[in-house]
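Here's a walk through one protein chain, taken a feature at a time. Keep the structure open and follow along.

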Amino acid sequence: MNENFDKYKEYAIKVLNGEINACRYIKLHCEQFLQWFDDERYWFDSNECDKVVNFCESIKLFTDKWADKPVVLMPWQKHFIYCIYGFKLKGTKIRKNRNILLFISRKSAKTATAAMILLYEMCSSKGSQVMLVANSAKQSKIAFEMCSNFARSLDPKSKLFHRYRDSISIPKIDGKIQILSSDSSSMDGYNPQAFLCDEAHEYRDDKIFSTLRNGQGARDNALSIIVTTAGYNKAFLYDYYQNCISDLEGIKEDNNLLPLLYTLDEDDDWKDIYTDTADELGLDLDDYSDEEITLSVVVKAGGAEISDMNGKEFY
């Protein structure tokens, strides 16, 4: 690859040279990321990376003091986009990384990031069916409302997006986003271009994930995204997480898998995560209350209660 890709490599380089504090799994990922640039099986699509970043930063936020302000992507968010949309199989437009796990703390804009990407997916090709999935209808509605508000910011007069209670559509290209929960009576018959599994640590099993993945069989460039914090459930997410670790450690290669595991190393003290979280994700702690930071630290440490800060991801 002769093109200059410095800006796309910046986050990974800063992680590896210590400018950005990061856990071992993120460092392993960044090593892989840089190696992909030299892998003859792939080429890097900088044009689509820039297109997705520009799309996201055209969106306006809608809550509290950020209302009506344009999105400004954090370094980790841009890196996330570069990972998904940058690397394509040589001679094709097919993404290398099509199965994504973003394992990250609270207050890091993980669901909003995924919502922007899925809105782009709906807009990017004809007939795109996009599913927003969670363990309950209430949880799946959170990502959907973000998509709906983001769509409104891009199209305030509803000339392009048609927004309804539980779906968003673009009739001109037959694109659609809709919500689905794991307590839905039937999940068969879907053929999603992309789907999001939000807060997967709450899933009792892999039924909904497997059904939607199987439904993507006819799509060459389909995308699945799991975004979650840690939790107590050792069912579906735990096994998927262990597979991701095997990939990062080179035990079992999965060329379609992208694991971004923002977690604790064994010798980390959860109290140090106040600053580490901010460095690793590019967050400004002045934007958050002490209570919000504490919640983020607790979940990053793997627990759901303050009494469980022992540095584990699962219990």
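## Cysteines

Let's start with Cys123, which is partly exposed, its relative accessible area being 28%. Cys30 is a contrast, since it counts as buried at 0% relative accessibility. One thing to keep in mind from here on: this is a predicted model.

So how many disulfides does the count come to? The answer is 0. Cys30 is in no disulfide, and the nearest cysteine sulfur to it belongs to Cys83, 7.8 Å away. Cys123 isn't in one either: the nearest cysteine sulfur there is that of Cys147, at 9.9 Å. For a pair to count, the two sulfur atoms would have to be within 2.5 Å.

## The chain overall

Stepping back, the chain has 10 helices and 10 strands. It runs to 315 residues, and buried ones make up 51% of them. The accessible surface comes to about 14600 Å², with 45% of that belonging to carbon and sulfur atoms.

Contacts across the sequence are worth a look too. Take the contacts with a separation of 6 or more: 72% of them are between residues 24 or more positions apart.

## Aromatic pairs

Search the whole structure and you'll find 20 aromatic pairs. Tyr8 and Phe44 make one of them, with ring centres 5.1 Å apart and planes at 55°, so this pair is tilted. Tyr8 belongs to helix α1 (residues 6-16) and Phe44 to strand β1 (residues 42-44), so the pair links distant parts of the chain, 36 residues apart. Both Tyr8 and Phe44 are buried.

Trp76 and Tyr262 give you an edge-to-face pair, 6.3 Å centre to centre with 70° between the planes. Here too distant parts of the chain are linked: Trp76 is in helix α4 (residues 75-85), while Tyr262 is in the loop between β10 (257-261) and α9 (273-281), 186 residues apart. Both Trp76 and Tyr262 are buried.

## The cluster and helix α4

Tyr8 and Phe44 turn up again in an aromatic cluster, where they're joined by Phe5, Phe33, Trp36, Phe37, Tyr82 and Phe87. Phe37 has a charge over its ring as well: the charged end of Lys9 sits there, 4.8 Å from the ring centre.

Now for α4, which is mostly covered, with 9 of its 11 residues buried. Among the buried residues of α4 are Trp76, from the edge-to-face pair, and Tyr82, from the cluster. Cys83 is another of the buried residues in this helix, and its sulfur is the nearest cysteine sulfur to Cys30. The rest of the buried set is Gln77, His79, Phe80, Ile81, Ile84 and Tyr85.

## Gln193, a buried loop residue

Gln193 lies in the loop between β7 (175-181) and β8 (194-198). Is it buried or exposed? Gln193 is buried, with a relative accessible area of 8%.

What does the side chain of Gln193 have within reach? One of its polar atoms is 3.1 Å from the backbone oxygen of Asn221. Neighbours within four places in sequence aside, Gln193 is in contact with Arg95, Glu121, Ser128, Gln129, Gln216, Arg219, Asn221, Ala222 and Leu223.

## Ile225 in strand β9

Ile225 lies in strand β9 (residues 223-228) and is buried, with a relative accessible area of 0%. Which residues is Ile225 in contact with, leaving aside its neighbours within four places in sequence? They are Ile100, Ile117, Leu118, Phe195, Leu196 and Cys197.

Ala114 is worth picking out too: Ile225 and Ala114 are 111 residues apart in sequence, yet their C-alpha atoms are 7.6 Å apart in space.

## Two positive phi angles

Finally, a couple of backbone angles to check. Ser158 has a phi near 55°, a positive value in a residue other than glycine. Ser158 sits in the loop between α6 (137-154) and β5 (162-163) and counts as partly exposed, at 32% relative accessibility.

Asp174 also has a positive phi without being a glycine, this time near 60°. You'll find Asp174 in the loop between β6 (167-170) and β7, where it counts as exposed at 59% relative accessibility.

How values were computed: Residues are numbered from 1 along each chain as its sequence is written. This is a predicted model: local features need pLDDT of at least 70, side-chain atom pairs count only at pLDDT 80 or more; totals for chains, interfaces and linings use all residues. Side-chain values use heavy atoms; hydrogens and water are left out. Helices (H or I, at least four residues) and strands (E, at least two) are DSSP runs, numbered from the N terminus. Buried means under 20% relative accessible area, exposed over 50%, partly exposed in between (1.4 Å probe, protein chains only). A polar contact is a pair of N or O atoms within 3.5 Å; within protein, one must be able to donate a hydrogen and the other to accept it, and residues adjacent in sequence count only if both atoms are side-chain atoms. Contact means heavy atoms within 4.5 Å. Accessible areas come from the Shrake-Rupley method with a 1.4 Å probe; for residues, only the protein chains shown count as cover. Rings of Phe, Tyr and Trp (its six-membered ring) pair if their centres lie within 6.5 Å; planes under 30 degrees apart count as stacked, over 60 as edge-to-face and the rest as tilted. A charge sits over a ring if NZ of Lys or CZ of Arg is within 6 Å of the ring centre and within 35 degrees of the ring normal.
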